[in-house]
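Got a chain to pick apart here. Let's go through it in questions and answers, from the surface inwards.

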Amino acid sequence: MARTSDDFPILVAQTGPLNGLRWTVETTLVVGREPNCEIPIPNREVSRYHARLTLTPEGVIIEDLGSKNGTHCNGQLVVEPRLLQDGDIIQVALAQQFLYLGSDATATIPLEGGEMDVLGIQPIAGRLRLDKRSRRVWIGEKELVPPLSVSQFHLLELLYDRQGRVVERQELITSVWGDEEAVGVSEQALDALIRRLRDRLAAIDPTHSYIITMRGHGVRLDNPPLTTNR
């Protein structure tokens with residue numbers, strides 16, 4: 001049976017001039033500044049032929065084509081061809097970011113009490129929303145740019161999954177730093193991380209305190225309904 005477009009991986013443009021556009025990876029896609037590229041990026045930081053994505057029997061391979069300003073995958077410079085994994089973040093120079101979704105992830109994922117859309121955003125009726133695959137965060141219609149750090153996002157993700165419930169401090173530390181490193185993490189380190197996350201959220205919405213500390217108990221997320229009047 002012939003494959004349909006829904007059976008192929010997709011590439012979703014995020015921050016950058018192509019924001020919101022998407023491409024199906026059915027054969028080969030070349031990313032570059034030249035108009036004849038399958039994904040042209042009109043930015044001088046992008047090389048004429050910057051990077052290439054190729055569909056193989058093993059999956060989609062990304063390779064840098066000797067670009068001047070580099071191609072990164074999940075923050076790591078792409079030096080040799082590498083196999084992409086679902087949820088990988090691709091950065092072309094400093095000009096454009098992409099989210100890679102494997103073919104198994106392009107279908108809607110059912111969840112208890114609702115569904116995720118194609119980008120993995122659970123439709124929780126709150127002012128704050130997040131995309132777990134790409135680590136993007138919105139408050140209302142505004143996106144946090146630049147993105148949260150990995151540790152800030154892990155902290156917010158746990159609170160988001162437990163919306164309205166208090167999460168104990170030790171569980172937060174273990175979730176963010178992992179079982180092995182959590183042993184040496186101080187309370188002050190967690191407090192500093194919480195403070196930085198509060199500051200990032202307040203830069204978008206200074207009218208509401210999303211991260212609430214319950215002294216002697218833990219921390220919870222207060223995510224008001226999107227329709228709340230300010």
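Q: What share of the area the chain exposes do carbon and sulfur atoms supply?
A: Keep in mind that this is a predicted model. The chain exposes about 12,500 Å². Of that area, the part supplied by carbon and sulfur atoms is 49%.

Q: How much of the chain counts as buried?
A: The chain has 3 helices and 19 strands. It runs to 230 residues, and the share of them that counts as buried is 42%.

Q: Which helix gives the largest share of the largest nonpolar core?
A: That core has 27 residues, with L156 and I211 making the most contacts inside it. At least two residues each come from β14, β15, α1, α2, α3 and β19. The largest share is 6 residues, and it comes from α1.

Q: Which leucines of α1 (150-161) does I211 touch, leaving aside neighbours within four places in sequence?
A: Setting those neighbours aside, the contacts of I211 include I194, L197, V219 and L221. Helix α1 spans 150-161, so look in that range for the leucines on the list, given that contact means heavy atoms within 4.5 Å. They are L156 and L159.

Q: Is R129 buried, partly exposed or exposed?
A: R129 sits in strand β14, residues 128-131. Its relative accessible area is 25%. Buried would need under 20% and exposed over 50%, so R129 is partly exposed.

Terms used: Residues numbered from 1 in each chain as written. Predicted model: local features only at pLDDT ≥ 70, side-chain atom pairs only at ≥ 80, totals over all residues. Heavy atoms only, no water. Buried < 20%, exposed > 50% of the residue type's maximum accessible area, 1.4 Å probe, protein only. Areas by Shrake-Rupley, 256 points an atom, 1.4 Å probe, with all protein chains shown as cover. Core = buried A, V, L, I, M, F, W, Y, C linked by side-chain atoms within 4.5 Å.
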